[in-house]
Amino acid sequence: MQITEIYKSLQGESTYAGLSCVFVRLTGCNLRCNWCDSEYTFQGGRKMALEEVLDEVSRLSPGGGFVEITGGEPMLQEREVVPLMKRLVSDGYSVLLETSGERPLEQVPDAVIKIVDVKCPDSGEGDTFRLENLDTLTARDEIKFVLSSRGDYEFARDFTRRHNLHERVNAVLFSPAFRKDATGARDSSHCLLDPQQLAEWMIADNVPARLGLQLHKFIWDPAVKGV
Ligand code: SF4
């Protein structure tokens, strides 16, 4: 499979935020979100065999722990990444899959915790969510909306209610988008939507969702990759 990088850091964007985790970042994405901070994954990378990936994960986190499969869009390499996830599970790892929600998820092993985006209108990739993926969700999974405007917020709020997302999954996450050219200060000044404003909307509407912040962007310089 084509891999951009494998590294160990803290999980930053789910209810697992703050836990140490190995990231396996696959190359390539078929979407072009306006605020994407992973454009460096669109091309390049290097071809790695399944056993090579497993060896690197094991070197970074011997004997278990969290492994997140991410990208880019990892499910573009479904034929390779599904066997990888199965092996990681059978080797005792807790596996997270971060995906755009546009690719079919039926083949993802049940033990894998899916963190599935629903792209909002101002991402430029609204309407890409594959509705059939709702039927693949389990009580372990999480749904994430990355928001950059009031319009995005209203879309996420209404989508959550219309599909009873909070009853299907472990968590529904509303997360402000970060400016993709953010650098320097490790604070919310880089958010395209002020977290305080988002919090006030969520409280006023009693939305059954959890406000999420990209933890790693408050720990390291937002421009730093591989963290
Ligand atoms: S789906 Fe993810 S990797 Fe692809 S363009 Fe959107 S934010 Fe970037």
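How many of the 227 residues in the chain, as a percentage, are buried? Buried residues come to 52% of the 227, where buried means under 20% relative accessible area, exposed over 50%, and partly exposed in between (1.4 Å probe, protein chains only). What you're looking at is a predicted model, where local features need pLDDT of at least 70, side-chain atom pairs count only at pLDDT 80 or more, and totals for chains, interfaces and linings use all residues. Residues are numbered from 1 along each chain as its sequence is written, and side-chain values use heavy atoms, with hydrogens and water left out.

**View 1. The whole chain, with six helices and nine strands.** Helices (H or I, at least four residues) and strands (E, at least two) are DSSP runs, numbered from the N terminus. The radius of gyration is 17 Å, close to the 17 Å that the globule rule gives for 227 residues, so the chain is as compact as a globular protein of that length. That radius is taken over C-alpha atoms, and the rule is 2.2 Å times the number of residues to the power 0.38. Along the principal axes, the C-alpha atoms fill a box of roughly 50 × 40 × 30 Å. Of the contacts (heavy atoms within 4.5 Å) with a separation of 6 or more, 69% are between residues 24 or more positions apart.

**View 2. The ligand and the residues surrounding it.** The shell is C29, L31, R32, C33, W35, C36, F42, G72, S100 and K119, each with a heavy atom within 4 Å of the ligand. Sorted by class, that's six nonpolar, two polar and two charged residues. Ala, Val, Leu, Ile, Met, Phe, Trp, Tyr, Cys and Pro count as nonpolar, Asp, Glu, Lys and Arg as charged, and the others, Gly among them, as polar.

**View 3. The cis peptide bond between G71 and G72.** Omega here is about 15 degrees. G72 sits in the loop between β4 (65–70) and α2 (78–90), and G72 is also one of the residues surrounding the ligand. Most peptide bonds are trans.

**View 4. N164, with a positive phi.** Phi is about 45 degrees, although N164 is not a glycine. Look for N164 in the loop between α3 (150–162) and α4 (165–168). Its relative accessibility is 35%, so N164 counts as partly exposed.

**View 5. N206, with a positive phi.** N206 isn't a glycine either, and its phi is about 50 degrees. The loop between α5 (195–205) and β9 (210–211) holds N206, which counts as exposed at 66% relative accessibility.
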